[in-house]
Amino acid sequence: MGLPANFIKSLPRINGVIRYTEAHRDIRYPVDIDRIIRDLIIDIEVKPFAEDVLEGYCMPGNIRGLGRRIFINENKPVEVRRKAKAHELHHLLEHSKHLPLFSHIGHEDKILEKEANYAAAFYLIPSKCIKLSNEWGINHQELAERMDVPLDLVMKRYEIYLELKEHKNELETL
Ligand SMILES: [Zn+2]
């Protein structure tokens, strides 16, 4: 187990995007992933896909990063579409050499897919929510509903929280 090393390395950049877009400022509502993407001048196209197992994919733009576009399967439920948008955003920002990547259900075995899913968890669930969910007295399922994400993202977000906490403690004891 453990978080993918490249996901950890990308965290300062993910945090940079979150700060730049002020996406985690108001935690009363689900994170506005569409706005994050639009603020980065990336287009989103939601359309029905012929292939049902495919949730989304993205296309790199030109050499200056213009014309980047995320495609999302309209046939998926809203929380899956939200996850797919954040997942594809991570591919665009971190995996540009490997594009296009096609994100299928259950492709967690591939390292880039795994990284993008952890990144989606980080984009869509502010750390404040993880810290406050005990105080609110809500369980994982309720947090998933509140943030409008699939339950597996809440599990991943907890994993990130615990691992970073442990890492911080390690650094402090050095
Ligand atoms: Zn993917």
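**Backbone outliers, helix packing and the nonpolar core**

Glu22 lies in the loop that joins H1 and H2. In this predicted model, Glu22 adopts a positive phi of about 55° although it is not a glycine. Glu22 counts as exposed because it has 12 C-beta neighbours inside 10 Å, and the limit for an exposed residue is 12 or fewer.

Ile41, likewise not a glycine, also has a positive phi of about 55°. This residue is located in the loop between H2 and strand S1, the latter spanning residues 43–47. Ile41 has 11 C-beta neighbours inside 10 Å and therefore counts as exposed. A positive phi is found at Asp148 too, with a value of about 60°, just after H6.

Helix H1 comprises residues 5–21 and helix H4 residues 111–124. The two helices pack at an angle of about 35°, and their axes are 10 Å apart. The crossing of H1 and H4 is right-handed. On the H1 side, the contact is formed by Asn6, Phe7, Ser10 and Ile14; on the H4 side, the residues are Glu115, Tyr118, Ala119, Phe122 and Tyr123. By residue class, the contact of H1 with H4 contains six nonpolar, two polar and one charged residue.

The largest nonpolar core has 33 residues, of which Tyr123 and Leu124 touch the most other members. At least two residues of this core come from each of the following elements: helix H2 (33–39), strand S2 (54–59), strand S3 (69–73), helix H3 (78–94), H4, helix H6 (140–147) and helix H7 (151–173). The greatest contribution to this core is that of H4, with eight residues. Tyr123 of H4 thus appears in two settings: it is among the residues that meet H1, and it is one of the two core residues that touch the most other members.

For Leu124, neighbours within four places in sequence were left aside. The remaining contacts of Leu124 are with Val31, Ile33, Arg82, Lys83, Ala86, Met147, Val149 and Leu153. Among these partners, Met147 belongs to the buried residues of H6.

The buried residues Leu143, Ala144 and Met147 are in H6. Leu143, Ala144 and Met147 lie on the same side of H6, because they cover an arc of only 105° around the axis.

Technical notes. Residues numbered from 1 in each chain as written. Predicted model: local features only at pLDDT ≥ 70, side-chain atom pairs only at ≥ 80, totals over all residues. Axes fitted to C-alpha atoms, helices over the stretch in contact; angles between N-to-C directions. Helix = DSSP H or I, 4+ residues; strand = E, 2+ residues; numbered from the N terminus. Left-handed = near helix turned anticlockwise from the far one by under 90°. Contact = placed C-beta atoms within 7 Å. Nonpolar A, V, L, I, M, F, W, Y, C, P; charged D, E, K, R; others polar. Core = buried A, V, L, I, M, F, W, Y, C linked by C-beta atoms within 7 Å. Buried ≥ 20, exposed ≤ 12 C-beta atoms within 10 Å, placed from the backbone. Arc of directions from axis to C-beta.
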